[in-house]
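Student: I am new to this structure, and I would like a close look at a single part, the barrel and the strands that form its wall. Could you take me through that part slowly, giving the cut-offs behind each term?

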Amino acid sequence: MTTNQLIKQIHKKQSFLCIGLDVDLNKIPKYLLNEDDPIFTFNKAIIDATHHFCVAYKPNTAFYEAYGIKGWQALEKTISYLNENHPDIYTIADAKRGDIGNTSTMYAKAFFEDLGFDSVTVAPYMGKDSVEPFLAFKDKHTILLGLTSNQGAFDFQTKCVDGVELYKEVLETSKFWNNSENLMYVVGATKAEFLADIRRIIPDSFLLVPGVGAQGGNLQDVCKYGMNNSVGLLINSSRGIIYASQDEDFAEAAAKNAEVLQLQMKAILSRQSQ
Ligand SMILES: O=c1ccn([C@@H]2O[C@H](COP(=O)(O)O)[C@@H](O)[C@H]2O)c(=O)[nH]1
């Protein structure tokens, strides 16, 4: 999906919500464990109940890799289900990859060509030649870790190197890489106070913002400082939506929590357009 198509969907659905499909078999309703493929059954029910309220889904691949071949098959079935039934939904493989060039090309092929995701998250610290192989794919996005939502972001990302915070150096430098129009950036919702500075460096880029919900990030603060003229935000919530209930009503409960966020987004969008 192109950036313009994503922006169109945001306005059509009045939502910039991304739902994280981080499936933990210890947290899904127990009766689903009797199914052939409990992960896919859970995801399908969540997608069927919530797709009206969001524009994107983000499976974090760790939650699939942890279950070996069965987990990977469930990931494949989930992305195929989305691509076949909801081609208007944007998909993110949260895999945080990146390696020497030829290896990055293989990662990019795996997520863009074999699985058919619209985007993949990539760590920037191996530099330009580790990221450009992802950027070479037309109409696919590479979502570079900018300033992450966790406490450990302060260990390195905010440290100064030659007088510039490392995360700012990542944002600034990556703008000049080949095909940088295919870049988006991860910025944690828990780091809303950094967003004004971030927007000065990358005013037009889309930001994937995890950390609303379970991690305590605030939607209003993120929008106040992070929104641009094209909205420019995909706000992710995973546990706060998919584990709203661990009973038989899990999908309806997830839909309710997704709708709460979507209605807040709709109100923010209508204020923005006034
Ligand atoms: O800085 C980051 C980068 C990625 N994530 C991922 O987003 C989701 C957040 O899940 P919640 O349950 O809504 O907290 C998860 O997959 C993380 O690995 C992040 O949180 N922060």
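Tutor: Two strands are said to pair if DSSP finds at least two bridges between them, and strands here are DSSP runs of E with at least two residues, while helices are runs of H or I with at least four, both numbered from the N terminus. The model is a predicted one, in which local features need pLDDT of at least 70 and side-chain atom pairs count only at pLDDT 80 or more, whereas totals for chains, interfaces and linings use all residues. Residues are numbered from 1 along each chain as its sequence is written.

With those terms in hand, the barrel can be described: eight strands close into it in the order β1-β2-β3-β4-β5-β8-β9-β10, and their pairing is parallel. From one strand to the next the twist averages 30°, where axes are lines fitted to C-alpha atoms, for helices over the stretch in contact, and angles run from 0 to 180 degrees between N-to-C directions. Strands of a sheet pair through backbone hydrogen bonds, either parallel or antiparallel.

Two of these pairings can be followed by residue. Strand β1 (residues 17–20) runs parallel to strand β2 (residues 56–58) and is joined to it by three bridges, with Ile19 standing opposite Tyr57 of β2. Strands β3 and β4 likewise pair in the parallel sense over three bridges, and Ser119 in β4 is the bridge partner of Ile92.

Strand β4 deserves a further look. In a regular strand the side chains alternate between the two faces of the sheet. Both faces of β4 are covered, since Ser119 and Thr121 on one side and Val120 and Val122 on the other are all buried, a residue being buried if 20 or more other C-beta atoms lie within 10 Å of its own, exposed if 12 or fewer, and partly exposed in between, with C-beta atoms placed from the backbone.

Helix α5 (residues 101–114) also packs against this part of the barrel. The buried residues of α5 are Ser104, Ala108, Phe111 and Phe112, and they pack against β3 (90–97), β4 (119–122) and α6 (128–135), contact meaning that two C-beta atoms, placed from the backbone, lie within 7 Å. Helix α5 has 14 residues and reaches 19 Å from its first C-alpha to its last, close to the 20 Å expected at 1.5 Å a residue, the expected span being 1.5 Å times one less than the number of residues. After α5 comes Gly116, whose phi is positive, near 85°.
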